[in-house]
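Subject: Structure for your review

Dear colleague,

Please find below the structure I mentioned for your consideration. I should be grateful if you would read the notes beneath with the coordinates open.

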Amino acid sequence: MTESRSETSFRDEILAFYKGADTESLMARARELCLARHGRGVLLRGLIEYSNICSCDCLYCGIRASNRNVSRYRLEPERIAAIASSGYRAGLRSFVLQGGEDRAFAESALPRAVETIRRDCPDAAITLSSGILPRRIYAALREAGADRYLLRFETSDPALHQKLRAGVNLGRRLEALRDLADVGYQLGSGYMVGLPGESEETRIANALLCRDLALDMVGIGPFIPHPDTPLAGSPQSPIELTLRATSLVRLLLPDAHMPATTAAGSLDPAGREKMIEAGANVLMPNITPPESKRNYLLYPGKICLAEEGEKCIGCLGLRMVSVDRELSFLRGDALRLGQGAGAGDRAPAEVLL
Ligand code: SAH
Ligand code: SF4
């Protein structure tokens, strides 16, 4: 699709500012924009890591299929729904169910978990993050009651993508994103910052791809090398790169919901607060039971492993006070759907590929 002149000049202006600004000024402009569009409330999404069984072998990931040091688990659908119900009683109205790419589970058990949550927590948003699946499974899960889907493209560099995702190409990832949009999900994607082989040009292209995809949600986090993976010896990028990326995406996508990710909080004790100050507006308390979440180590040094989910909410509330923000218990739908909009109102897919 050809870009209109005004779109081109918008991008040029943002990129020129990004390239010339020091990190503090970049963050200040992105933060102001975030406050103007989203207000002071920081949306909560309760994260349930339902399974660490994965058929993929992404080079960066601690739960990749070839890592024999992982003790594998799958939570039963009833268990997943019970965890969501407990979060619901604590006030959460948005849940993210995340797991490895596991087609059999996504086809059999996951729809039951979604249906039960939809029944027991009727006004809560349900987001899935279960990797690339056939379109018919995306449709079945949507039918079961899921509203949103997160599938990061990881890197927009096709050669790097193919290498790091063990042969699965970027085109297939983008096709899955198109399927998700067509099926009617609120769409989330994003990328890691600081992957080995990435350049500043890649980082800019990553942010621009988020705009091309007209994403409702953008998840960005630092790549943290895991010792049991082929990328164990890779250098750790500084948090500043992730903060700059967050601000750039915020400026390019003012309406997107953007989490201050756990990976940022694991790399830097104040990483999540810094991401909020860089333009993020969402936090994801991990409500997975401790005995499971300790086996869901995508990267080392993951925080809050011992905490029960409800304690996380209290801790996050205090952290937000430190940056003059407050927690919001709203569902937090895509702004394009308007306030109070349900999940079924997705506008026609606008994936510009
Ligand atoms: N299997 C699904 C969802 C779980 S992985 C999927 O891959 O889409 C969720 C995210 O964790 C991935 O999208 C990736 O961006 C991130 N991740 C994996 N390994 C990581 C690492 N070593 N450091 C930081 N983030 C990582
Ligand atoms: Fe599996 Fe996701 Fe990890 Fe890749 S990043 S190995 S798809 S869990």
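The notes that follow take up the ligand, one strand residue and two helix pairs.

Please bear in mind throughout that this is a predicted model.

I begin with the ligand. Ligand 1 is surrounded by 17 residues, and the closest of these are Y60, G99, R152, E154 and I224. Two of those closest residues also appear in the list of polar atom pairs. For E154, a polar side-chain atom is placed 2.5 Å from an oxygen atom of ligand 1. For I224, the partner is a backbone N or O atom, which lies 2.8 Å from a nitrogen atom of the ligand. L298 likewise contributes a polar backbone atom, at 3.4 Å from a nitrogen atom of ligand 1. Taken alone, the ligand would expose 540 Å², of which the protein buries 93%.

L298 leads on to Q98, since L298 is among the residues that Q98 touches. Q98 belongs to strand β3, which spans residues 94–99. Leaving aside residues up to four places away in sequence, Q98 is in contact with L47, I48, E49, Y50, S51, S129, Y296 and L298. With Y296 there is a polar contact between the two side chains, at 2.8 Å. L335, by comparison, is separated from Q98 by 237 residues in sequence and by 23 Å in space, C-alpha to C-alpha.

Two helix pairs remain. In general, a packed pair is described by the angle between the two axes and by the distance between them.

The first pair I would draw to your attention is α5 (residues 135–144) with α7 (residues 170–183), whose axes come within 10 Å and cross at roughly 35 degrees. The crossing is right-handed. From α5, the contact involves R135, Y138, A139 and R142, while α7 supplies A176, D179, L180, D182 and V183. By class, these residues comprise five nonpolar, no polar and four charged.

The other pair is α1 (residues 5–20) with α8 (residues 200–212); here the axes come within 12 Å and cross at roughly 140 degrees. This crossing, too, is right-handed. On the α1 side the residues are E7, F10, R11, L15, Y18 and K19, and they meet E200, I204, L208, R211 and D212 of α8. The contact of α1 with α8 contains five nonpolar, no polar and six charged residues.

With kind regards

Terms used
Residues numbered from 1 in each chain as written. Chains lettered and ligands numbered in written order. Predicted model: local features only at pLDDT ≥ 70, side-chain atom pairs only at ≥ 80, totals over all residues. Heavy atoms only, no water. Axes fitted to C-alpha atoms, helices over the stretch in contact; angles between N-to-C directions. Helix = DSSP H or I, 4+ residues; strand = E, 2+ residues; numbered from the N terminus. Left-handed = near helix turned anticlockwise from the far one by under 90°. Contact = heavy atoms within 4.5 Å. Nonpolar A, V, L, I, M, F, W, Y, C, P; charged D, E, K, R; others polar. Near = heavy atom within 4 Å. Polar contact = N/O pair within 3.5 Å; in protein donor to acceptor, adjacent residues only side chain to side chain. Areas by Shrake-Rupley, 256 points an atom, 1.4 Å probe, with all protein chains shown as cover.
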